[in-house]
Amino acid sequence: MAALLPLAVQAEEGVDTEHIFGFMIGSDVGPVGEREFQTETTGRFGKDSGTYRALGQQLEAEFVPMQDFRVEVGTTFMAHDIAGVPGLDDRRQLSWQGVSVDLRYRFLDRETAPFGMTLAMETHADRVDETTAAVVRSYSTELTAAFDREIIPNVAVAAFNLSYQPEWTRMPQTGAAEQDATLGAAFGLMVQVRPDILLGGEVRYFRKYDGIGLDAFAGQALFIGPTAYFQISKRSRLTASWGVQAWGQRTGSNATLDLVNFERHQARLVFGLNF
């Protein structure tokens, strides 16, 4: 990567962080009037034993109605292939999962401040559980504070995310209800090796709790993996990211991975089109 840095110095404009990360977010939100269509494919693979594959396809429309404020609405479809996983029913199904709204407001712009800062609130209403594929009534809101800074102007950008995601779930068939929450911290670094290509990686750490008030610790996991961003044309882009659980721990277990609350592998492919 260091050998490729001289190629990136030719870039004339700063790095736009709105879409360059896979699982993380940057502080940029786009110019006023921008409209985009985006498809986000997320795969999660591997549990303690058996076969576990979950694939989510989210279709999103994004627009920027005013300065520093972005709105995104979306809907998600899921595909599950679960067999022989302890604690989960065997399922092979396609389903419509639910809808989402993502609101972002940028409080600090890197051009006029030491770093960029954006607060995001993404709310989901789901009818299918993304992990078990069971029929549920689930509501969650992920609150994220995103910070970023160009550590080498026009070449390299670093980002840091802090997140809190409470979730309320009810089982329609039994009437049972449960609450949980996930805390997250992530660091990402992307380097512009060509004017239309950025390469880097993301490190993400999560802590899972029973109860939205962080009542009881359930497990934790650390994901590490590469990310690549490609500006295909003036109006289209592609981001690919992959993360492997490098370390984890579940409450009551001595295992070095938590494959109950999290997966062994996570992958994401995002395609965007400006119109």
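1. Let me start with the aromatic cluster: Phe 206, Phe 223 and Phe 262 belong together in one group. Please keep in mind that this is a predicted model. Across the whole structure, a search turns up 6 aromatic pairs. Among them is the pair of Phe 223 and Phe 262, which is edge-to-face, with 6.4 Å centre to centre and 70 degrees between the planes. This pair links distant parts of the chain, since Phe 223 is in strand S10 and Phe 262 in the loop between S11 and S12, 39 residues apart.

2. Are these two rings buried or exposed? Phe 223 counts as buried because its relative accessibility is 0%, under the 20% cut-off. Phe 262 has a relative accessible area of 7%, so this residue is buried too.

3. Stepping back to the fold, 12 strands close into a barrel, with antiparallel pairing in the order S1-S2-S3-S4-S5-S6-S7-S8-S9-S10-S11-S12. From one strand to the next, the twist averages 20 degrees. As a reminder for reading the strand pairs below, strands of a sheet pair through backbone hydrogen bonds, either parallel or antiparallel.

4. One stretch worth a look is the pairing of S7 with S8. Strand S7 covers residues 156-170 and strand S8 residues 177-194; the two run antiparallel and are joined by 15 bridges. If you want a place to check the register, Gln 165 stands opposite Thr 182 in S8.

5. Next come S9 and S10. Strand S9 (residues 197-210) pairs with strand S10 (residues 216-230) in the antiparallel sense, over 14 bridges. Here Val 203 has Ile 224 in S10 as its bridge partner. The two strands form a hairpin with 5 residues between them, and Gly 211 in the turn has a positive phi of about 95 degrees.

6. S10 also pairs on with S11. Strand S11 spans residues 236-250, and its antiparallel pairing with S10 runs over 10 bridges. This connection is again a hairpin, through 5 residues. Two bridge partners help to place the strands: Phe 230 is matched with Leu 238 in S11, and Leu 222 with Trp 247 in S11.

7. The last pairing I would go through is that of S11 with S12. Strand S12 (residues 265-274) runs antiparallel to S11, and 9 bridges join them. Ser 241 has Arg 268 in S12 as its bridge partner, and Ser 241 returns in the next point through its side chain.

8. Thr 227 deserves a paragraph of its own. What do we find around this residue of strand S10? Leaving aside neighbours within four places in sequence, Thr 227 is in contact with Ile 20, Phe 21, Gly 22, Met 190, Leu 198, Leu 199, Gly 200, Gly 201, Glu 202, Thr 239, Ala 240 and Ser 241. Two of these are also polar partners: the side chain of Thr 227 is joined to that of Glu 202 by a polar contact of 2.9 Å, and to that of Ser 241 by a polar contact of 2.9 Å. Thr 227 has a relative accessible area of 3%, which means that it is buried under the 20% cut-off.

9. Two places have a charge over a ring. Arg 204 lies over the face of Phe 23, at 4.0 Å from the ring centre. The charged end of Lys 47 sits over the ring of Tyr 52, 5.3 Å from the centre of that ring.

10. Finally, two loop residues caught my eye for their backbone angles. Asp 68 is not a glycine, yet has a positive phi of about 70 degrees; Asp 68 lies in the loop between strand S2 (51-66) and strand S3 (69-83). With a relative accessible area of 18%, under the 20% cut-off, Asp 68 counts as buried. Ala 133, in the loop between strand S5 (116-128) and strand S6 (135-152), also has a positive phi, near 70 degrees, in a residue other than glycine. Ala 133 is buried, with a relative accessible area of 1%.

Technical notes
Residues numbered from 1 in each chain as written. Predicted model: local features only at pLDDT ≥ 70, side-chain atom pairs only at ≥ 80, totals over all residues. Heavy atoms only, no water. Pairing = 2+ DSSP bridges. Helix = DSSP H or I, 4+ residues; strand = E, 2+ residues; numbered from the N terminus. Axes fitted to C-alpha atoms, helices over the stretch in contact; angles between N-to-C directions. Phe/Tyr/Trp six-rings, centres within 6.5 Å; stacked < 30°, edge-to-face > 60°. Buried < 20%, exposed > 50% of the residue type's maximum accessible area, 1.4 Å probe, protein only. Lys NZ or Arg CZ within 6 Å of the ring centre and 35° of its normal. Polar contact = N/O pair within 3.5 Å; in protein donor to acceptor, adjacent residues only side chain to side chain. Contact = heavy atoms within 4.5 Å.
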